[in-house]
Amino acid sequence: IKNIPTLISHGDADDISSFEIARQMSEELESLNAEIIFKAIKGGDHSIYDQIYSDSLNISWIMNKIKD
């Protein structure tokens, strides 16, 4: 996964999936010089996909990673 550009968005109020584990995973990938962006969504719970995919900067980043 180190060579796969990765965008991790995680709500800090998620009670289903661990925010702390996601943050640690992001930090570990960064230590391996992976291309990673970690976006903490303040107050976000487990259902934050609308916030993620309605953000034009996220979509632009994703679209720039598509290979021909």
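A good place to enter this predicted model is a pair of side chains: those of histidine 10 and serine 17 make a polar contact at 3.4 Å. Histidine 10 sits in strand β1, which covers residues 6-11. With a relative accessibility of 8%, histidine 10 counts as buried, because the cut-off for that label is under 20%. Setting aside neighbours within four places in sequence, the contacts of histidine 10 include Ser17, Ser18, Phe19 and Ala22, and further along the chain Phe38, Lys39, Ala40, Ile41 and Ile48.

Isoleucine 8 offers a second view of the interior. Ile8 belongs to the largest nonpolar core, a set of five residues completed by Ala22, Leu29, Ala34 and Ile36. In soluble globular proteins, nonpolar side chains tend to be buried together. Beyond its neighbours within four places in sequence, isoleucine 8 is in contact with Ala22, Met25, Ser26, Ile36, Ile37, Phe38 and Lys39.

Stepping back to the whole chain, three helices and two strands are found, arranged from the N terminus as β-α-β-α-α. The C-alpha trace spans about 35 × 30 × 15 Å along its principal axes. Of the 68 residues, 26% count as buried. Among contacts with a separation of 6 or more, 67% come from residues 24 or more positions apart.

The outside of the chain can be described in a similar way. Its accessible surface comes to about 5000 Å², with 52% belonging to carbon and sulfur atoms. The chain carries 6 positive and 12 negative side chains, and 8 Å lies between the centres of the two sets.

Note on methods
Residues numbered from 1 in each chain as written. Predicted model: local features only at pLDDT ≥ 70, side-chain atom pairs only at ≥ 80, totals over all residues. Heavy atoms only, no water. Helix = DSSP H or I, 4+ residues; strand = E, 2+ residues; numbered from the N terminus. Buried < 20%, exposed > 50% of the residue type's maximum accessible area, 1.4 Å probe, protein only. Contact = heavy atoms within 4.5 Å. Areas by Shrake-Rupley, 256 points an atom, 1.4 Å probe, with all protein chains shown as cover. Lys, Arg positive; Asp, Glu negative; His and termini not counted. Charge placed at Lys NZ, Arg CZ, Asp CG, Glu CD. Core = buried A, V, L, I, M, F, W, Y, C linked by side-chain atoms within 4.5 Å. Polar contact = N/O pair within 3.5 Å; in protein donor to acceptor, adjacent residues only side chain to side chain.
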